[in-house]
Amino acid sequence: MSDAANAGTQIAELLVQEQQIDQTQLAYAQRVRERLPSPRPLTTVLQDLGYVTEVQVRQTLRNRRMDIRLGDLLCELGLIRESELQSALALQKNRPGQKLGQVMIENGLINEDTLLDTLAAQLGLPFFRNDLLTPDERTVRRLTPGLLRKLRCVPVRDGDGPLYLVFDDPLVAQLPEGFEDLVSDHFELALARHQVIEDALLRLNRSGPVTTPISESVVVRKVNDLIKAAIADGVSDIHIEPMKDRLRVRMRQDGVLIPREDLPLDMARSLVSRIKIMAGADITERRRHQDGRILYEHGGLKLDLRISFYGTVHGEKTVMRLLNNRSNLLDLSEIGMQPRLLQRFREDVLDIPSGVTLITGPTGSGKTTTLYGAVNYLNNPNTSIITAEDPVEYLIEGINQCSINSKIGVTYEETLRHIVRQDPDVIVIGEIRDRFSADTAIQAALTGHKVLTTFHTEDSIGGLLRLLHMDIEAFLISSTVICVVAQRLLRRVCSACSTEHRLSPDEIRRLGYNPAELRQLVFRRSEGCGECHFLGYRGRVGVYEILVLNESVRDALIQRKTSHEIRRICTETTRMVTLLEDGLVKATQGLTSFEEIIRTLPRLDRPRPIPELYRLLGVRS
Ligand SMILES: [Zn+2]
């Protein structure tokens, strides 16, 4: 028996089950069919005999979704001949990816309405024949126009009736997992003509990342709650991690990852899908790593979130980085520079109209905050400031910020080539990462521009030496670089639970002092309390080493003296205070702890006596 004939038998049995015909009628139709001179589909014979109508057949098929192939069904319904099906199947073999229905429409075997009618019957879906679909706005907002366009789906609400998701491609059975939770309403699938779907999708307003609508859906609310909580607590990153038995949510606060809550594992997929939709990522892709971006508006604050999806053995891990979630840190006077240091940085570095200022430190040392603080200080109506950043982390009114985006061809090199032509006074290069960006910074300074940039080095002298090692002429460095800032972020001792810490002789020795000449050194330390999540620390404080180059340092550089010699010249002739020294002063002020100093600060030289450091930094004892 051919597949098509088999389909006929299946449909006929279904008609019996649905009591449209009885067994006697079926047996009679089969006997008639066998005696016909040319083959005729069984369903057609049943209709010829007047046992059922075409409408009844379609109704039955719609009620009882069947596993019959489209071509066989078209044959059985008498819409095409078996020979036509065979030639369509042969044509389809030469056109990989094209669907059988499409091949038959293109070759004039059937029209689109007939195809959709049959598909509707095959899949048991309604077929919307109207030319105009009015999308349901609430569902459009929830799923976003971008996703709907991607799925080629138009949500339509039938009065107070059900929500229909209308497609032109009937393979909608492959909706992404977790999709139901996103729609949140009960919905049914339906079909409409290709052009009708196309028109409706075109009419959806085109927009980029969408500000999240508040919805009753649990998942939507959960994502909103997490972001809102992160904003309120000044969190820098949200981690959503699938574990074997739960979904763990942690948030990074002051550089430390703190467990926040556990969610049921079955929430994982829809939660990630929801974030993917907000971030404009592909929700059908679950195995490959992806990234995306969310522009989130909340309480007058516009927040830029960078999202990363990472496939792990337990599912996708999501990290959301809240880029400008520290809006009050843009003032230089609030980042922890001691009074005299701050004054020098403003007057001897930022107020100088040209030259390169390098801000250095490892990742997470607060370089960007200092860079933006400096930009904010220089920002005024008479100054043109232009940036090349990867990516823009804070938005500052009045300056021209460019976010590097190599995906669309806005590369670092291309941007730096164009930046000088914009007639800027101040050029901010997000990071010196290679010879090309170093050259750009130096050339811009040589032509009279002020250049601010960051550099990945351990200390200030290291910044100068690393430029030398990039094969940049020593005289170019010495004639353009005016200042190198090195910095770290140290955890701030929790003021609610801190107590005195009198350092032991051994601890004093570890800091580089001689216990005999320095008998007493009192810091503070904490055991931890509810206020600091029992970490003993709350917030962070910057520690700075600011080298303002003078003639002695420039000479030492040109003569290629050793780093040890250059360092000695810097501390002796430029009033530079080292990272360790600035940290020690902050520890005596009760801001940070002995352990933080030992953990984070380089101890290259013996620190000078505390009273001398107080004087150099302008700290009152
Ligand atoms: Zn505490």
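These are my notebook entries on a predicted model, written for someone meeting this structure for the first time.

**Entry 1: the zinc site**

I started with the metal. Which atoms coordinate the zinc ion? I found four sulfurs: the SG atoms of Cys-494, Cys-497, Cys-529 and Cys-532, at 2.3 to 2.4 Å. Next I looked up the geometry. The angles among the four donor atoms run from 105 to 113°, and the site is tetrahedral.

Then I checked how the donors are spaced along the chain, and noted the pattern C-x2-C-x31-C-x2-C. Cys-494 and Cys-532 are 38 residues apart, so this pair links distant parts of the chain. Cys-494 sits in the loop between β16 (481-493) and β17 (498-502), while Cys-532 sits in the loop between β18 (522-526) and β19 (537-548).

Are these two cysteines buried or exposed? Cys-494 has 0% relative accessibility, so I wrote it down as buried. Cys-532 comes out at 1%, and it is buried because buried means under 20% relative accessible area.

**Entry 2: the largest cavity**

Now for empty space inside the protein. How many cavities of 30 Å³ or more does a search of the whole structure find? It finds two.

I took the largest cavity to begin with, which holds about 40 Å³ of space. Its lining is made of Val-356, Leu-358, Ile-432, Ala-438, Ala-441, Ile-442, Leu-467 and Val-481. Two elements give two or more residues to this lining, β11 (355-360) and α18 (435-446). The largest share, three residues, comes from α18.

What kinds of residues face this space? The lining of the largest cavity has eight nonpolar residues, with no polar and no charged ones.

**Entry 3: the second largest cavity**

I moved on to the second largest cavity, with a volume of about 30 Å³. I listed its lining as Leu-371, Tyr-372, Val-375, Thr-387, Glu-389, Ile-396, Ile-399, Gln-401 and Val-428. Here the elements that give two or more residues are α16 (367-378) and β12 (385-389). Which of the elements gives the most to this lining? I found that α16 does, with three residues.

The classes are mixed in this lining: six residues are nonpolar, two are polar and one is charged.

**Entry 4: Thr-453**

I then picked a single residue to look around from. Thr-453 is found in strand β15, residues 450-455. Its relative accessibility is 0%, so Thr-453 counts as buried.

What does Thr-453 touch, leaving out residues up to four places away in sequence? I noted Val-356, Thr-357, Leu-358 and Ile-359, then Leu-371, and then Ile-429, Gly-430, Glu-431 and Ile-432. Some of these names I had met before. Val-356, Leu-358 and Ile-432 are among the residues lining the largest cavity, and Leu-371 is one of those lining the second largest cavity.

**Entry 5: backbone details**

Where is there a cis peptide bond? I found one from Asp-390 to Pro-391, with omega near -5°. Pro-391 is in the loop between β12 and β13 (400-403).

I also looked up positive phi values. Gln-19 has a positive phi of about 60°, although it is not a glycine. Its place is in the loop between α1 (3-17) and α2 (23-35). At 71% relative accessibility, Gln-19 counts as exposed.

Arg-560, also a residue other than glycine, has a positive phi near 50°. I located Arg-560 in the loop between α22 (551-558) and α23 (563-573). Its relative accessible area is 51%, and Arg-560 is exposed because exposed means over 50%.

**Entry 6: Ile-105**

My last stop was Ile-105, in helix α7 (residues 100-106). Its relative accessibility is 24%, so Ile-105 counts as partly exposed. Beyond residues up to four places away in sequence, Ile-105 touches Ile-110, Asn-111, Glu-112 and Leu-115.

How many residues apart in sequence are Ile-105 and Arg-58? I noted 47 residues in sequence, and 21 Å in space from C-alpha to C-alpha.

How values were computed:
Residues numbered from 1 in each chain as written. Predicted model: local features only at pLDDT ≥ 70, side-chain atom pairs only at ≥ 80, totals over all residues. Heavy atoms only, no water. 1 Å grid on protein atoms, 1.4 Å probe; cavity = no way out; pocket = protein on both sides within 12 Å on 5 of 7 lines; lining within 4 Å. Points joined across faces, edges and corners; volume = space filled by probe spheres on them. Helix = DSSP H or I, 4+ residues; strand = E, 2+ residues; numbered from the N terminus. Nonpolar A, V, L, I, M, F, W, Y, C, P; charged D, E, K, R; others polar. Donors = N, O, S within 2.8 Å, 3.2 Å for Na, K, Ca; no water. Tetrahedral: all angles 85-135°; square planar, octahedral: opposite > 155°, others 65-115°. Buried < 20%, exposed > 50% of the residue type's maximum accessible area, 1.4 Å probe, protein only. Contact = heavy atoms within 4.5 Å.
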